[in-house]
Each structure stands twice: as C-alpha cells, then as structure tokens.
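Q: Please give me a close look at one part of this model: the strands, and what is packed around them. Take it step by step, and keep it brisk.

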Amino acid sequence: MAKIKKQSKQKYPNLKSLRRFYSEYKFKIVGFILLTAVASSLALSFPYVSSKIILNLTEKKWDTMVIFAVVLFGLIALENVAGHFSDVYYTKTTNGLFFSFRKSLAYKIIDLRLSSVYDKGSGFYLERLNEDSKEASVVFLDISKAIVTLIVNLAFIFYISVLNWVLGLIFLAGLAVIIFLEYLRVSKLLFNKKQSKRAVEKVKALESELLKGIKEVKGLNAKDAIVEKHSQVSKGHIDIKIRRERYEKRMQRIIDITKGALDLTLLLVAGLFLLKSFGIWHVEILAVLVIYQYKGSIYELVAGLAKIKNHYVNGELAAKRLNDVLKAAAEETDMFGTETLEGNVESIEFKKVVFSYNEKTPVLKDISFKVQKNSLVGFVGKSGSGKSTIFSLLTNFYKISGGQILINDVDFYSLSEKAVRETITPVLQDPYIFNDTILNNVKFAKFDATNEDVFDACRAARLHDEILSMKEGYDTVVGESGANLSGGQKQRLEISRVILKGPEVVLFDEATSALDKDNLLQINALMKELKKNKTVFVIAHRLGIMRECDTVFVLDGGKIIASGKHEDLMQTCEYYKELFKRNKSNEEQANRNV
Ligand SMILES: Nc1ncnc2c1ncn2[C@@H]1O[C@H](COP(=O)(O)OP(=O)(O)OP(=O)(O)O)[C@@H](O)[C@H]1O
Ligand SMILES: [Mg+2]
C-alpha cells in the first residue's frame, strides 16, 4: 500500500507543485465542481423525462404528458442556471490562474542568472509565458470536470443496471472501449506535443531575432539567408503539426465509429425489451425514439447558419491582421528602383537634402556634399546634430523629403535593392549578434564564404586570436544578442562581418566606441587601409581618427557648418576646434581615471 502511495506521489509532480497557486481559488473550485455535478446529473434526467412524455403521448394521456413537459422544461432551466454559474467560476479561476502564472514567471525570469536566460533564448521563455501558462491554468478544472462527469455517468450506468442488467452491461462495455481509445490517443499526442513545443520555441526564438536584428539583416543584405533559416525551422514545426493532426483525425473517426456501434446496439436491445414488455403495438414508441434522434441534426442546421457567419467574422479578422503586414502601405515599405550600378562607386553626393523623421521637425536641413572614391570621410557634431541620420539615408532605412542623393551622378532611389545593399554597408555601434556560433555569426554577412575567408576577416578586425583562445574557438555559441561576448568583441565581430562582405562603401557609426585603446588604434589603421579601395565614412566617439580623414564635415543642428581637413578646420572653425579640444581632454581624463 505504502509503495503504491509512493508511486502515485511521483506521478505528475510538476502539476502538483502548482498547487500553491490554486489555494486562492479553492472556494471557486469547490463551487465549480458542485455546480458541474448538479448540471450533469440534471442533464441525465432529460432522456428519462422525455421518454415519459412520449409514452403518455402515444397513450393519449394528455394531463400527465403536460406535467412531464413542464417538469422537463424546469429541469432544463435549472441545468442551465447551474451550468451558467459553473462557467462563471471556471472563467474566473482559469483566467486568474493564467494571470498569476504569468506574473510569477515574469518575476522569476528577472531573477534568473543572465547566462541562463541568454543561453535558452527568448523562444523558451515566450512559449512558457503564454501557451504553457494558458494550458496549465485550465488543466485542474478540466480534469475535475472530466472526473465529475465520469462519476455521474457511472452512477447512471449503475441505475440502468438495477433496472436492466443487460443494458447496464452494454453501457459499461461501451464506456470501457471509448476510455481505452481516448487513452491511446492522448498518450501518442503527448509525445508529439513535446516535439511540437520544442519546434515552436525554435520558430519563436528565430522570429524574435529576426525582428530585433532587422537593421543587421537589411544592412548586410542577409534577407534570403534569414528567411531560408526561418523556413527550415518553420517546416520542422509544420511537419510535426501535420503528423499530429492526421493522427488526431484518424483516432476521432475510430472513436465515432465505436460510438455509433454502441448507439445501434443500445437501440436494438432497448427495442427488444420494449417489445417484450409492451407487445407489438408499442413499435410506434420505437419509431418516435428513432425520429427523436434526428432532432440533433435539425438544431445543427440552424447552428450551421450561425457557424458560417462566425467563420466569416473570424476569417475576416485573421485576414486583416495578416494583411496589416502583407499589404503594408507603400510608404511603409523599403523603396528601391531597378537600376544597377555601372562600374564602381566613383562619387557620392548629397544635393540640398532635407529630411525629417516625423514630418514636423526637420532633422537634416539643406545638406550638400560630394565625396570621391578612395577617401576616408569624417562626420563630427554634437549629439543629435544628424550624423547617424545621414548614414541611415545612405542605407535607405529612410527616404529623404527634399533634395537629391546621387551615386555616380545616378539618382540613389532609382537603384535596385541589390545595388544599394551590396555596395553600401553600415557598421553598427550596437550590432545584432544572433544566438549561434561565432563562425555562423560572421558568415551571416556572406553565406557562401569559406572558413578561411572568415578567419581572414576576423584577423583584419583584430578578433581572430581572441576567438582561438575561447574554449570552442569559432564554434563558441554566443548566446542571445551575443550576450557572452564583450562590447568590444561584438563591435569587432561586426567589423569582421563587413570585411567579409567587402562592400565598396563602408559606414562606421560609432563602431569603435567600446574598443580599448590598443584595439582602437588598430581599427583606425584598418580604416586607412580600407580606403585604398573603398569609400569609408566614419562617425567616431573619439575624434582621433579625424586627423586621418581626407575630409571632415562639421554638423550643427542638421546643417554642415564647415568642412575640410582636420588641420585646416583647427585653424578656421572655432566650433570644431572646441569640440576636438573638449573630446581630447575628456579622453585624457578618462585615461587618468583608468
Ligand atoms: N528613428 C528616429 N525617429 C525620430 N527621430 C529620430 C530618430 N532617430 C533620430 N532622431 C532624431 O533626429 C535627430 C538627429 O539624430 P541622429 O541620430 O542623426 O544624431 P547623431 O548626430 O547621430 O547623434 P549622436 O552623436 O548622439 O549619435 C535627433 O534629434 C534625434 O532625436
Ligand atoms: Mg548617432
């Protein structure tokens, strides 16, 4: 006995551990169980009272028939009142539990070690916060309901057995067969569900990365690669889903056939008993009973009409939500032309460019400059002066509201997506690093690159040796958002991506802000190296690199207020001189503090 008890204790330990959440709802749960029992017991009396009505009808005993009809109506009303309040308790309890699970999970996730959160990834947690919480919140009440219904049905079978043991036996046998089939169905589905949940986690994690890393995907023109990866995980999920649905539908058919056979047996046996007890005249009762069975179909006919409407309403809403994305307005979609770029990028020109993010305050006002190839060009200005905005225009993340951008004297917006994205690449300050190996993260910029190409790019970005010193080298998994890398390592990984990709125009936007002095000097040297066959734009936190630039543009309030070489600007532009001096003294201060 003790052994059995121990075994049963180990069953469903996880479900049991959630008990503490239920205590708040114990009165509602008891209310739900009692009301469900009342409702299903009342429902059981309907066929009996109905049979009395039919019997009195065929015997033309109108008074008794009316009494039974009133009783039936009263019972139906009572059953629905009890059902209504049991529904109220169900809704309040399950949604309250859903809320509590989510809240506790949210608190707990924040308390978890960062490494654990980053390693598991967002899909793992999102699925638990939503789907699993929802399922766990209904399980207890659903089980209670199933048990209550089972008990009431068993009591009914017992009652039938007392009246007529053959009928009772048939009921019991039917019930046993159906329980067995349902058991089979559930155990197989459980296994499939585990697989399915893991697959869903993967899809969700990738989808969240796709959204978080969207700038990276556009900037590196890795659209096809990421969609291909998404299709792979999505296909894995869909395959499991198909297997489950096919199995579920097949089992449902088998169960329906069994139920039909049971119905038929009961009808025949009940008919035989009726004939035996009442004689041949009561065959009419049997006919009425058979017709009575069709009433369900008549109601379904009416319900069918409502269902059609319901399908339309649901479908329309779902289709609208899909179209919100699929048919996003043209002004919400990246706009490109169809022209290809002839030859190399010889010049980049802004002609009286005006731009604002929100159509109210202009961020860039009348920006004009022309840059020739093989040059290193710096942009300097206070925070908010519009430096990054210029870069965002050159990657076509936003569209100008006035003026013109020209590449080789061709209108920038007439160029195709490939021409722009393969030629001009931003190096982001806070790059998005995918939850994958270092090798795959670098290859993200060029999927057909060889490992040797990746190593060379990482060498150029001064990252190779550090990667080799990691436990798993290039196969080290970096965690979600590259959480297991330092800020400087992430920035150098981003630089190695761009080197691997090899565009003609590179835009460094504060891409070296997290580097230590040694690495900074090396990357600055790399920029000079790159300009030998590229056009390099640079915005830098530390202004030292401006000394190396062929031209520096000084921005203030969305306008270029001066331009030229560093040494000249130091002579002619007070604003630049002041910025440079302050930057230098800040840096010296920072160095002293170190
Ligand atoms: N996505 C955006 N939506 C709306 N306004 C924006 C957006 N990005 C930037 N701005 C605004 O545009 C102005 C210029 O921003 P920008 O990022 O170009 O400045 P910045 O010169 O790069 O500054 P920092 O040195 O701080 O990076 C700022 O006033 C900023 O608030
Ligand atoms: Mg900026």
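A: Two strands count as paired if DSSP finds at least two bridges between them. Keep in mind that this is a predicted model.

Start with strand β8, residues 535–539. On one side, β8 pairs with strand β7 (residues 505–509). The two strands run parallel, and five bridges join them. One of the bridge pairs is easy to pick out: Leu507 has Phe537 of β8 as its partner. Strand β3 (residues 376–381) also pairs with β8, again in the parallel sense, over four bridges. Here Leu376 has Val536 of β8 as its bridge partner.

Now the burial of β8. A residue counts as buried if 20 or more other C-beta atoms lie within 10 Å of its own. By that test, five of the five residues of β8 are buried. Both faces of the strand are covered. One side carries Thr535, Phe537 and Ile539. The other carries Val536 and Val538. The bridge partners named above therefore sit on opposite sides: Phe537 on one, Val536 on the other.

Next, the antiparallel sheet. In general, the strands of a sheet pair through backbone hydrogen bonds, either parallel or antiparallel. Four strands form an open sheet in the order β2-β1-β4-β5, with antiparallel pairing. Its edges are β2 (364–372) and β5 (410–411), each of which pairs on one side only. Strand β4 (residues 402–407) meets β5 over two bridges, in the antiparallel sense. Ile407 has Val410 of β5 as its bridge partner.

One residue of the edge strand β2 deserves a stop: Phe369. Phe369 counts as partly exposed, because it has 16 C-beta neighbours inside 10 Å. Leaving out residues up to four places away in sequence, it touches Phe350, Phe553, Ile560 and Ser563. Arg321 is a contrasting case: it is 48 residues from Phe369 in sequence, and the two C-alpha atoms are 43 Å apart.

Now the ligand. The residues around ligand 1 include Tyr357, Asn358, Val363 and Gly381. Also in the shell are Ser383, Gly384, Ser385, Gly386, Lys387, Ser388 and Thr389. Helix α13 (residues 387–394) gives the most to this shell, with three residues. By class, the shell has two nonpolar, eight polar and one charged residues.

Then a helix: α16, residues 451–460. Its buried residues are Val454, Ala457, Cys458 and Ala460. Seen down the helix axis, these fall within an arc of 160 degrees, so they line one face of α16. They pack against α15 (438–443), α17 (464–469), α18 (487–501) and α19 (517–530). The face turned away from this buried side carries the exposed residues Asn451 and Glu452. After α16 comes Arg462, with a positive phi near 60 degrees.

Finally, the wider setting. The protein is divided into domain 1 (16–163), domain 2 (176–294) and domain 3 (347–593). The C-alpha centres of domain 1 and domain 3 lie 61 Å apart. Even so, five residues of domain 1 are in contact with five residues of domain 3. On the domain 1 side of this contact, helix α6 (residues 114–120) gives the most, with three residues. That side divides into two nonpolar, two polar and one charged residues.

Terms used:
Residues numbered from 1 in each chain as written. Chains lettered and ligands numbered in written order. Predicted model: local features only at pLDDT ≥ 70, side-chain atom pairs only at ≥ 80, totals over all residues. Near = placed C-beta within 6 Å. Nonpolar A, V, L, I, M, F, W, Y, C, P; charged D, E, K, R; others polar. Domains from an automatic or database assignment. Contact = placed C-beta atoms within 7 Å. Buried ≥ 20, exposed ≤ 12 C-beta atoms within 10 Å, placed from the backbone. Arc of directions from axis to C-beta.
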